Structure formats: C-alpha cells, structure tokens
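Hi there,

Here is the structure I promised to pass on to you. Please have a look at it first, and then read my notes on what was found.

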Amino acid sequence: MDALTQALRDAVPEPPANDVDWPALRVRIDAAAAPALAARATRAGAAGGRARAARAMRAWWQPLAVWSPRGIPVAAAATVVLMIAAGAVRSGGGTSALDAGGFVTIEEELANGVAAGARSILSELDADAMLDVALFYDGEEW
Amino acid sequence: MPPPRQQADAESGIDTAQDTLLVERVLRGDAEAYGDLVRRHMRRAFAIAYRILEHREDAEDVVQDAFLRALERIDSLDTRRPFHPWLYRIVVNQALNYRRSRSRRAMDPMPATVAAAGPTPEEDAEAAALRRQLRSALDALPERQRTMVQLADLEGFNSTEIAGILDIAPGTVRWHLHAARRTLRKVLEAARGVT
C-alpha cells in the first residue's frame, strides 16, 4: 500500500459495519421488496399459463403445418380426379364424347346407334313384352 | 458484445455463476433468491454507500433503496454479465444522488482507533491536521474523481472493476485516478513538508 492510500485510509473513517443491525436491515429490504416480488411471481405464473396454452395450440396445428405442403398438392390432385370422374359419370349418363368435343370411333357410334335403336324399339313395347324381352333375351344379335 | 460470463470473479472472489442463478429465480419472483442476493451483497453495498455518504443511517437507507431499485430494473440486467458491478453502480448512483440532495449532516464521530492515532499530543495534532487537509482535498475533487478514489484507495477496487461499476472505459478510470492522486499527493507532500 502506498503512502497516499495509507494516509487516505487514516483520514477517512472505516464503514462502521459492526454498528449495523444486518438481520434487521435485511428484513427491512425483504419487506419492502415483497409486493414487487409477489407481483413478479403473479406475472411469471400468468406468463407460464400463456406459454402452456401456446404449447397446447401448437399441439394441434403443428401437424397440419407439417402436412400442408404435401396436403395441398394431394388435395388438388384429388380434386382433378374427382372432376374427371364426375365428367365420366355425366358422359356415361347420355353425353357422348362427341358432345364433349372429343373424337368418336366408328365402333362407338355404331354401338350408340344400336343402343338408340334398341331404346326406340323398347319404348314401343308394353310392360308384358318388356318382361318377355328381359326374361327370354338369350344374347342374340338384333 | 459482452465478455463471457465467468464462473467466479477472480478479483472480487464473488461467485458470479451463483449470482446469475439467483437473478434468474428473482426474475420469476422468487423471494428466497432475492433474500440470498441481498445477503451476499449488502455488506459491500453498505461499505460503498458509506464511503460516499459517511453516515451510517443514510448508507443503510441507500442500500435499501438500491436493492429495491435493482429489483425494479432487474429485467434490464444482461444476465451474461456479472450482477455485482451492476448492483454497485446503482448503489453509487443512489448514494451520489442522496449526497447531492441532502443538506450536509453531521458526520459520524471518528472511530476511536483513528482518533487515538499518535503517541504524543504534538504528533496527534500534526496527524489530525494532515488528515483534515487530506479530507478537504478529497472533498474538493470533482465528484467523479472523488468517487473513483473512494472506490480504489478506500474500497480496494481496481480500475477494471471501477470501470464496470461506473460503466465507463478502464482507460478513463485510470486517467481520472492518476489526476486525482496527483492532486492529493501534492497536498500530502505539502502538509508533510509544513509539519
């Protein structure tokens, strides 16, 4: 220790640590801090609740988020398939490929013509004749 | 970029890692952890406050206010940095504010060991005169320099620690300390030359 430091320490009184009632001072500080600490604990509890809620939210939407990049193309593809299927059903119910703007083969046109002829014949039959046709048709060509 | 957290401050001997754990618990409102922090640092905080105020009750009040202020601001503490320089900075600022705002009260009576330093009445008088002159010179220093001398020469902090407490560069601390000591040394040499 140099002379100046020693002289300063001689000139200035030491902190009277032995005169301080340390337990009482600590009680005073703790008591004064208690409301702020209680408020902090409440906030921390509420923040913990919000964090748990956020984790719970993640629990259900996270798989969706993971699957959505793959799910969207799959859904789009399924939609296209459904649209094609629906179009096929409609065309099978009376809309010809020609109506849809497509090409028709000779065989298809003949089959359609035969079927139309059969429908016109069948429309002229009464109920008993229709039953005979249904029961006794043995696959012969018209 | 703050320096990496140290497990224990080599110079102060304070376990900064333990402080950090306590601070993290205090952030969640843990009263027991806060009490532990108070217990670990209240004596040094009192000594710092007393150096600036030289009044025991005022220093106790400042320590109490400083710990409460620290609790209010603890969210702003960078937990990668040690806790105690941050706390001592609050103590110093509180004590300086207290000192500025109060009307100067009577000092505590000088401790008996200091008052009775000197074997003869003549030497006693000379020593008392030297102490008075040095005290006057210390009080006449700019506030920042006086605080640095109190922290360095009386409390034993080095310039790096003082820089951490006052939140200034170590080079600035060394410069101010050099200037303050040069002034005080002149007073000391003059007083010894006269006496």
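Let me start at one small spot: right after α8(B) comes B:Asp167, with a positive phi near 60 degrees. Helices here are DSSP runs of H or I with at least four residues, strands are runs of E with at least two, and both are numbered from the N terminus. Helix α8 of chain B spans residues 159-166 and is mostly covered, with six of its eight residues buried. Those six are B:Ser159, B:Glu161, B:Ile162, B:Gly164, B:Ile165 and B:Leu166. By "buried" I mean that 20 or more other C-beta atoms lie within 10 Å of the residue's own; 12 or fewer makes it exposed, anything in between partly exposed, and the C-beta atoms are placed from the backbone.

Some housekeeping before the rest. This is a predicted model, where local features need pLDDT of at least 70 and side-chain atom pairs count only at pLDDT 80 or more, while totals for chains, interfaces and linings use all residues. Residues are numbered from 1 along each chain as its sequence is written, and chains are lettered from A and ligands numbered from 1 in the order in which they are written.

**How confident is the predictor?**

The complex gets an ipTM of 0.80 and a pTM of 0.65 from the predictor. For single residues there is pLDDT, the predictor's confidence in each residue from 0 to 100. Chain B averages 86, and 82% of its residues score at least 70. Within chain B, α3(B) has the highest mean, 97, and helix α5 (residues 112-115) the lowest, 44. Please read two stretches of chain B with care: pLDDT stays under 50 over residues 1-8, and it is also below 50 over residues 109-118. Chain A has a mean pLDDT of 75, with 56% of its residues at 70 or more. Among the elements of chain A, α1(A) has the highest mean, 92, and helix α3 (residues 106-124) the lowest, 67.

**Chain B and its helices**

Chain B has nine helices and zero strands. Of its 195 residues, 35% are buried. Two residues count as in contact if their C-beta atoms, placed from the backbone, lie within 7 Å. Among the contacts in chain B with a separation of 6 or more, 65% join residues 24 or more positions apart.

Helix α1 of chain B (residues 16-27) buries B:Asp19, B:Leu22, B:Val23 and B:Val26. These residues sit on the same side of α1(B), because they cover an arc of only 105 degrees around the axis; the arc is that of the directions from the helix axis to the C-beta atoms. They pack against α2 and α4 (83-101) of chain B. Just past α1(B), B:Gly29 has a positive phi of about 90 degrees.

α7(B) is mostly covered too, with nine of its 12 residues buried. Among them are B:Met148, B:Val149 and B:Leu151. B:Gly156, just after α7(B), takes a positive phi of about 80 degrees.

**The core**

The largest nonpolar core has 54 residues, and those with the most contacts inside it include B:Ala45, B:Val63 and B:Val91. Such a core is a set of buried Ala, Val, Leu, Ile, Met, Phe, Trp, Tyr and Cys residues joined through C-beta atoms within 7 Å. α2(B) gives the largest share of this core, 12 residues. Leaving aside residues up to four places away in sequence, B:Val63 touches B:Met42, B:Phe46 and A:Leu25, among others.

**Where the chains meet**

How many residues does each chain bring to the contact? Chain B brings 38 and chain A brings 30. On the side of chain B that touches chain A, the largest share, 11 residues, comes from α2(B). That side divides into 21 nonpolar, three polar and 14 charged residues. Here Ala, Val, Leu, Ile, Met, Phe, Trp, Tyr, Cys and Pro count as nonpolar, Asp, Glu, Lys and Arg as charged, and the others, Gly among them, as polar.

A good residue to look at is A:Ala11, in helix α1 (residues 3-11) of chain A. A:Ala11 is buried, with 23 other C-beta atoms within 10 Å. Not counting residues up to four places away in sequence, A:Ala11 touches B:Arg131, B:Leu134 and B:Arg135.

Enjoy exploring, and best wishes!
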